[in-house]
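The following exercises concern strand pairing, model confidence and empty space in a protein model. Each task is followed by a solution in steps.

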Amino acid sequence: MSIYINYGNDPAGMAEELMRRADVASLLRPGLRVTIKPNLVVARPASGGATTHPEIVEGAVRYLRACGVDDITIAEGSWVGADTARAFEACGYAALAKKYGVTLVDTKHDKAVSVKNPYLEGMKICESAVSADFIINVPVLKGHCQTGMTCCLKNMKGLIPDSEKRRYHSAGLDRPIAALATVVKPQLHIVDSICGDLDFEEGGNPVVSNRILLGFDAVLLDSYCAPLIGYRPDDIGHLRLAKEFGAGSYAGPSTQVIEMNADKKPTAGRTRSGANKEHSAGAGARRYAGMIDEDGACSACYAALVYALSHTGGAAAKRLSQSGGAGKIKVGQGFAGKTLKGLGSGNCTSGCEAYVKGCPPSALDIMEFLNGVRH
């Protein structure tokens with residue numbers, strides 16, 4: 001199985017380009033009923049790091065239309081207590097639906113369908129998930145206060161009734177989410193990793209990565225994405241269980257990772273136009289700016305470092321203070337080819353006394369390095 005990654009500042013164009021490269025057209029046909037499932041957990045713009053960029057969904061809609069697919073629905077149910085209609089409006093989906101003539105479905109008002117599942121008794125899912133011929137899952141890669149990470153697998157909770165959402169939480173989330181993965185299996189996943197929140201599903205602390213990932217196996221993609229934000233796949237309970245339940249396979253040495261526009265990775269700190277001040281895309285990075293010496297860093301490399309610092313905390317500060325490099329870790333193309341004191345992150349800092357290999361390295365690799373596991 002392959003994973004496709006695209007970098008840039010044009011989410012709509014990037015999504016279309018990924019779908020072309022992955023030959024999604026070969027899976028489509030005119031008359032297909034397609035449901036697109038974004039993450040609109042709250043009524044906040046995507047710049048805050050909680051919700052799916054509407055431009056990514058727009059790119060998918062344009063691609064589908066070019067393939068002759070006209071029956072397109074965007075389906076979502078915000079978290080319990082939130083108003084999905086407000087989220088559709090605030091997150092740009094009402095305007096998107098009007099522009100392209102697609103249907104918006106609030107799954108809070110959807111009919112619940114009972115399904116048999118060996119891992120969760122009395123499971124119910126929304127009719128939108130049952131009636132679709134083809135589901136495109138468009139989650140946000142971000143942290144979560146209970147499960148650690150939310151991405152492809154957890155995003156499917158928007159296709160269950162609110163009563164089930166409450167039950168999943170009372171059951172501890174992980175097993176129900178994994179059980180759901182054996183029943184609701186989107187044919188395509190497009191991961192929004194433009195500026196996911198550092199550690200909270202409601203947003204407010206985004207970290208700019210400016211990348212989108214695409215794949216066909218939720219478990220594969222989630223297991224690849226987990227290290228990007230500082231977790232081993234088995235650290236994420238629902239991911240580990242989904243694999244055990246046979247919902248998919250972990251990424252491994254045989255997984256083909258295809259990068260697009262890697263030479264055009266945006267530099268750190270560059271934000272998308274339209275990002276509001278309350279949830280500016282640099283908010284997460286600013287929390288750790290005092291621990292970073294940045295010079296021309298690509299946003300994905302910088303984001304990995306920020307995620308790692310958010311997890312390592314005191315251990316990182318201690319190692320940096322002992323490194324002889326002014327207590328900061330270097331990152332960025334501006335350090336390439338230079339002999340430097342202290343610590344570095346990414347191949348461009350290979351001239352440091354010690355550095356983490358990778359272009360970009362994963363947050364997990366950086367964490368192990370800062371914790372002294374790797375040298």
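**Exercise 1.** Determine which residue of S15 stands opposite Ile329, and place the pair in its sheet.

*Solution.* The model is predicted.
Step 1: Ile329 has Leu343 of S15 opposite it.
Step 2: the two strands concerned are S14 (residues 329–331) and S15 (residues 343–345), which run parallel and are joined by two bridges.
Step 3: these strands belong to an open sheet of four strands with parallel pairing, in the order S13-S14-S15-S16. At its edges are strand S13 (292–294) and strand S16 (354–356), each of which pairs on one side only. On average, and with direction ignored, neighbouring strands of this sheet are turned by 25 degrees against each other.

**Exercise 2.** Identify the strands across which helix H11 lies and its angle to S13.

*Solution.* Step 1: helix H11 spans residues 299–312 and lies across S13, S14 and S15.
Step 2: the angle between H11 and S13 is about 175 degrees.

**Exercise 3.** Assess the confidence of the chain, and locate a stretch where the pLDDT is below 50.

*Solution.* Step 1: the average pLDDT of the protein chain is 90, and 94% of the residues score at least 70.
Step 2: the pLDDT falls below 50 over residues 269–281. Beyond near neighbours in sequence, this stretch has 25 contacts in the model.

**Exercise 4.** Characterise the linings of the largest pocket and the second largest pocket by residue class.

*Solution.* Step 1: the largest pocket holds about 300 Å³ of space. Its lining comprises 19 residues, with Val41, Trp79, Lys154, Lys157 and His169 closest to the centre. Strand S8 (142–144) and helix H6 (162–170) are the elements that give two or more residues to this lining.
Step 2: by class, the lining of the largest pocket has three nonpolar, nine polar and seven charged residues.
Step 3: the second largest pocket holds about 250 Å³ and is lined by 13 residues, of which Tyr224, Leu228, Pro360, Pro361 and Ser362 lie nearest its centre. Strand S1 (2–7), strand S11 (211–215) and helix H8 (218–228) each supply at least two lining residues; H8 gives the most, with three.
Step 4: the classes in the lining of the second largest pocket are nine nonpolar, one polar and three charged.

**Exercise 5.** State how many cavities of 30 Å³ or more are counted, and describe the lining of the second largest.

*Solution.* Step 1: the count comes to two cavities of 30 Å³ or more.
Step 2: the second largest cavity contains about 30 Å³ of space. Among the residues that line this cavity are Leu141, Cys195, Ser209, Arg211 and Tyr307.
Step 3: by class, its lining divides into five nonpolar, three polar and one charged residue.

How values were computed: Residues numbered from 1 in each chain as written. Predicted model: local features only at pLDDT ≥ 70, side-chain atom pairs only at ≥ 80, totals over all residues. Heavy atoms only, no water. 1 Å grid on protein atoms, 1.4 Å probe; cavity = no way out; pocket = protein on both sides within 12 Å on 5 of 7 lines; lining within 4 Å. Points joined across faces, edges and corners; volume = space filled by probe spheres on them. Nonpolar A, V, L, I, M, F, W, Y, C, P; charged D, E, K, R; others polar. Pairing = 2+ DSSP bridges. Axes fitted to C-alpha atoms, helices over the stretch in contact; angles between N-to-C directions. Contact = heavy atoms within 4.5 Å. pLDDT = per-residue confidence, 0-100.
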